[in-house]
Amino acid sequence: MKTILVPVDFSHTSVNAAEYAAQMAGQTQIEKIVLYHTYGGSYQILDAGTDIIRAEINSQLQHLSDALIPLAGKEVKFELVAGDGFLIDELLELVEKYKVDLIVMGITGKNAIEHKLIGSNTLRVATDSSCPVLIVPADAHFSEVKKVALSMKFKAGILDETPYEHIRNMIRDLNAELVILNVADENHRVNPQNVQSGLQATHLMFDDMNAHIEFLGEDHVVERVTDYVQEHDIQMLISVTHKLGFLESLFKGSVTKQLAFYTHVPLMVFKAIHTEE
């Protein structure tokens, strides 16, 4: 992992995510952090010229990067990008341009007053981006990542759809212990072979790492995962999302206190290799 992209709108939530990314860079081999802000569609352009707005944004980005250098270390380079287009489109272009390995974004609770551009677009970025997205809760503060929990549904085909090489590389970069949480669903009661298939695939994917499996049961998955993270000193959570899978249900479903909004540790989202139609 060499390059992190952090979109900011200068809200507390996005600045906190940038601070987290800078400190995380100190634990890994990150070489560059790209700070990006778009003023596209800003009402300010009606009152001031584009050049003035761009100069002001660049000044704000420079001020932020100056504050982040002590957290990241002088070895980490900062690239400042002031865009004038739509957030999602420009983000995805920047991922390709800078060969970004990870996007870091903030998110606020559903009922929070501060819910600006970044927080409201985090889900779409996580589902559209070709690289993983680390979602940082507004109240999360960095501590050395020693234990990471990966939530997985044991089922047939899990080996083909899990981007396990990318997950393995991320865990190695962090030099962390991996805990695999089996988040079983109702199907496993009538299809125990899926559990066995998933278990075998998990051993193939992660047995040569510092990893072990925990079985959380079938009911109240979000609450069980959240409780496990809090009780076992987990610093980061990983999820693999499908087109209509786990992550989307967290943001849009009826589960109360949904994990992505209410967990106190960052959630890293990887896209499944094969999405279900």
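User: Why does valine 133 count as buried, and in which strand is valine 133 found?

Analyst: Valine 133 is found in strand β5, a strand being a DSSP run of E with at least two residues, and a helix a run of H or I with at least four, each numbered from the N terminus. Buried means under 20% relative accessible area, exposed over 50% and partly exposed in between, with a 1.4 Å probe and protein chains only; valine 133 has 0% relative accessibility and therefore counts as buried. This is a predicted model, in which local features need pLDDT of at least 70 and side-chain atom pairs count only at pLDDT 80 or more, whereas totals for chains, interfaces and linings use all residues. Residues are numbered from 1 along each chain as its sequence is written, and side-chain values use heavy atoms, with hydrogens and water left out.

User: Which residues does valine 133 touch, not counting residues up to four places away in sequence?

Analyst: With contact meaning heavy atoms within 4.5 Å, valine 133 touches Leu102, Ile103, Met105, Val125, Ala126, Leu267, Met268 and Val269. Methionine 268 is 135 residues away along the chain, yet the C-alpha atoms of the two residues are separated by 5.6 Å.

User: How do you know that both faces of β5 are covered?

Analyst: The residues on either side answer this: Val133, Ile135 and Pro137 on one side are buried, and Leu134 and Val136 on the other are buried too. Counted over the strand, 5 of its 5 residues are buried, and β5 is accordingly described as mostly covered.

User: What makes β4 and β10 partners of β5?

Analyst: Two strands pair if DSSP finds at least two bridges between them. β4 and β5 run parallel and are joined by 5 bridges, with methionine 105 standing opposite isoleucine 135 in β5. β5 and β10 run antiparallel and are joined by 3 bridges, with leucine 134 standing opposite methionine 268 in β10. Both counts, 5 and 3, satisfy the requirement of at least two bridges.

User: Why is one side of β3 and of β8 left without a neighbour in the sheet?

Analyst: The open sheet has 10 strands with mixed pairing, in the order β3-β2-β1-β4-β5-β10-β9-β6-β7-β8. β3 (77-83) and β8 (211-215) stand at the edges and each has a single partner strand, so one side of each has no neighbour in the sheet. Neighbouring strands are turned by 25° against each other on average, direction ignored.

User: How do you know that β7 is largely enclosed, and which strands pair with β7?

Analyst: 5 of the 6 residues of β7 are buried, so the strand is largely enclosed by the rest of the structure. β7 pairs in the parallel sense with β6 over 6 bridges and with β8 over 5 bridges. Valine 179 in β7 is the bridge partner of alanine 149, and histidine 212 in β8 is the bridge partner of valine 179. Alanine 149 also stands opposite leucine 237 in β9, where β6 (residues 147-152) and β9 (residues 236-241) pair in the parallel sense over 4 bridges.

User: What does helix α1 touch on the sheet, and what span is expected for α1?

Analyst: Helix α1 packs on the sheet, touching β1, β2 (32-38), β4 (102-107), β5 (133-137), β9 and β10 (267-271), and its direction makes about 140° with that of β4, where axes are lines fitted to C-alpha atoms, for helices over the stretch in contact, and angles run from 0 to 180 degrees between N-to-C directions. The expected span is 1.5 Å times one less than the number of residues; for the 16 residues of α1 (residues 12-27) that gives 22 Å, and the helix reaches 23 Å from its first C-alpha to its last, close to the expected value. Among the buried residues of α1 are Ala18, Ala21, Ala22 and Ala25.

User: Why does proline 163 count as buried, although proline 163 lies in a loop?

Analyst: Proline 163 has 6% relative accessibility and therefore counts as buried, while its place is the loop between α5 (158-161) and α6 (164-174). Leaving aside neighbours within four places in sequence, its contacts are Val240, Phe270, Lys271, Ala272 and Ile273.

User: Where does pLDDT stay under 50, and which element has the lowest mean pLDDT?

Analyst: pLDDT, the predictor's confidence in each residue from 0 to 100, averages 82 over the protein chain, and 79% of the residues score at least 70. Helix α10 (residues 246-252) has the lowest mean, 47, among the elements, and strand β1 (residues 3-7) the highest, 97. The value stays under 50 over residues 244-257, for which the model has 31 contacts beyond four places in sequence. Where pLDDT is low, the predicted coordinates should not be read in detail.
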